[in-house]
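What follows is a walk through the charged side-chain pairs of a predicted model. Please keep the sequence and the coordinates at hand while reading.

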Amino acid sequence: MKTLINLYKDHVTEWKNCTRCELSQQRERIVLAKGDIPCDVLFLGEAPGESEDVVGLPFVGPAGRLLEALISRAVRNSAVREMKFAFTNLVACFPKEMKDIGVNEPPDYTIKECMPRVSEFIALADPSRIVCVGKLASKWIERIMPHSDILRIHIPHPAAILRANIANQGLMKQKVVVDLTTMFEEL
């Protein structure tokens, strides 16, 4: 019987050279996941950005640093101190050409090509909660997991918070912290 570590290694081996869609031709590095397996909470984002493409890990750029700060604030606000988190995106490759023309979402067909990878990672992570980071993740989670009883919440993408006018950023951040804190308390 394979251990969870071996199953995760198999997952990485299967997906590390993926060429299922044209995004594979645009990336520097594939961005599969980071964090603890299994986890209590899985954060599901949309797509890697430039920083993630360079490093090969999700949520390491400016938006990722903001997300980490918001998670830390929520953990400090909650009574639950020991939680395990994992992070992944709907697609594992940086959609460079879309970003170059000002589109912040990967095309639907690329998400469809990556759905088996995401489903497999969710099964490995075995979270009790999923946080859909951004509208696109919220839109696709039902297609990825149509009959799942894993509880989910939806938060704005940190990149959207960073793009918001300064007057709205504080409110948006506070709402994310409150939503995460409430979810952590329910674990």
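A convenient place to begin is D179, which is partly exposed, its relative accessible area being 23%; this value lies above the 20% under which a residue would count as buried. The partner of D179 is K175, and in the salt bridge between them the closest N and O atoms are 2.8 Å apart. Both residues belong to helix α8 (residues 166–185), where, being 4 residues apart, they are separated by about one helical turn.

This pair is one of the contacts to follow in a structure that holds 7 salt bridges. Another joins E68 to K34, with 3.4 Å between the closest N and O atoms. Here E68 sits in helix α3 (residues 62–77) whereas K34 sits in strand β1 (residues 34–35), so the salt bridge ties together parts that are 34 residues apart in sequence. As for its surroundings, E68 has a relative accessible area of 32% and is therefore partly exposed.

A further salt bridge links K139 with D108, the closest N and O atoms being 3.8 Å apart, a distance that still falls within the 4 Å cut-off for such a contact. Because K139 lies in helix α6 (residues 135–144) and D108 in helix α5 (residues 108–125), this pair ties together parts that are 31 residues apart in sequence. On the side of helix α6, K139 is partly exposed at 41% relative accessibility, and its partner D108 is likewise partly exposed, with a relative accessible area of 34%.

How values were computed. Residues numbered from 1 in each chain as written. Predicted model: local features only at pLDDT ≥ 70, side-chain atom pairs only at ≥ 80, totals over all residues. Heavy atoms only, no water. Salt bridge = Lys/Arg side-chain N within 4 Å of Asp/Glu carboxyl O. Helix = DSSP H or I, 4+ residues; strand = E, 2+ residues; numbered from the N terminus. Buried < 20%, exposed > 50% of the residue type's maximum accessible area, 1.4 Å probe, protein only.
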